[in-house]
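Here is a short tour of one protein chain, written for someone new to reading structures. Have a look at the picture, then read on.

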Amino acid sequence: MTQVVVGENEGIESALRRFKRQVSKAGILADVKSRRYFENPQEKKKRKASAARRKRRYR
């Protein structure tokens, strides 16, 4: 679980920026997107292209 403690003189924008950075580092959004049932054609194409790149790299 990602958690951000907001300081006394800290603005909400900077706290939100820190939260977004922590969420992306933890891979939470990628995990949620991979577990979704429906996948857009653009997302499917992007996933297949990255899988092909990984496969080509490890040959």
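## A pair on one helix

Arg35 and Asp31 sit four residues apart in helix H2, which is about one turn of the helix. Their side chains meet in a salt bridge, with N and O 3.1 Å apart. Keep in mind that what you're looking at is a predicted model.

How open to the outside are these two partners? Arg35 has a relative accessible area of 66%, so it counts as exposed. Asp31 comes out at 35%, so it is partly exposed.

## The other salt bridges

How many salt bridges does the structure hold? The count is four. The general idea is simple: side chains of opposite charge can pair when their charged atoms come close.

Take Glu10 and Arg18, whose side chains also meet in a salt bridge, at 3.1 Å from N to O. Glu10 is partly exposed, with a relative accessibility of 24%. Arg18 is partly exposed too, at 28%.

Then there's the pairing of Glu43 with Arg36, where the closest N and O atoms are 2.9 Å apart. Glu43 has a relative accessibility of 25%, so it counts as partly exposed. Arg36, at 42%, is also partly exposed.

## The whole chain

Now zoom out. The chain has three helices and zero strands, so if you read along the sequence you get the pattern α-α-α. Why call it more spread out than a compact globule? Because its radius of gyration is 17 Å, well over the 10 Å that the globule rule gives for 59 residues.

The C-alpha trace spans about 50 × 30 × 20 Å along its principal axes. As for what's tucked away inside, buried residues make up 5% of the 59 residues.

For a feel of the distances, try Arg57, which is in helix H3. Its C-alpha atom is separated by 38 Å from that of Ala15, and the two residues are 42 apart along the chain. Arg57 is exposed, because its relative accessible area is 57% and the cut-off for exposed is over 50%.

## The largest pocket

How do you find empty space in a protein? Rolling a probe the size of a water molecule over the atoms shows where empty space is left. Here, the largest pocket holds about 360 Å³ of space. Two elements give two or more residues to its lining: helix H2 (28-35) and helix H3 (41-57). Which of them gives the largest share? That's H3, with five residues.

Among the lining residues are Ala30, Lys33 and Ser34, along with Tyr37, Phe38, Gln42 and Ser50. Sorted by type, the lining has six charged residues, three polar ones and three nonpolar ones. You've already met two of the lining residues, Arg36 and Glu43, as the partners in the 2.9 Å salt bridge.

## How sure is the prediction?

The predictor gives each residue a confidence score, called pLDDT. Across the chain the average is 89, and 98% of the residues score at least 70.

Where is confidence lowest, and where is it highest? The low end is H2, with a mean of 85, and the high end is helix H1 (residues 12-26), at 92. H2 is also the helix that holds the Arg35 and Asp31 pair from the start of this tour.

How values were computed. Residues numbered from 1 in each chain as written. Predicted model: local features only at pLDDT ≥ 70, side-chain atom pairs only at ≥ 80, totals over all residues. Heavy atoms only, no water. 1 Å grid on protein atoms, 1.4 Å probe; cavity = no way out; pocket = protein on both sides within 12 Å on 5 of 7 lines; lining within 4 Å. Points joined across faces, edges and corners; volume = space filled by probe spheres on them. Nonpolar A, V, L, I, M, F, W, Y, C, P; charged D, E, K, R; others polar. pLDDT = per-residue confidence, 0-100. Buried < 20%, exposed > 50% of the residue type's maximum accessible area, 1.4 Å probe, protein only. Rg over C-alpha atoms; globule rule 2.2 N^0.38 Å.
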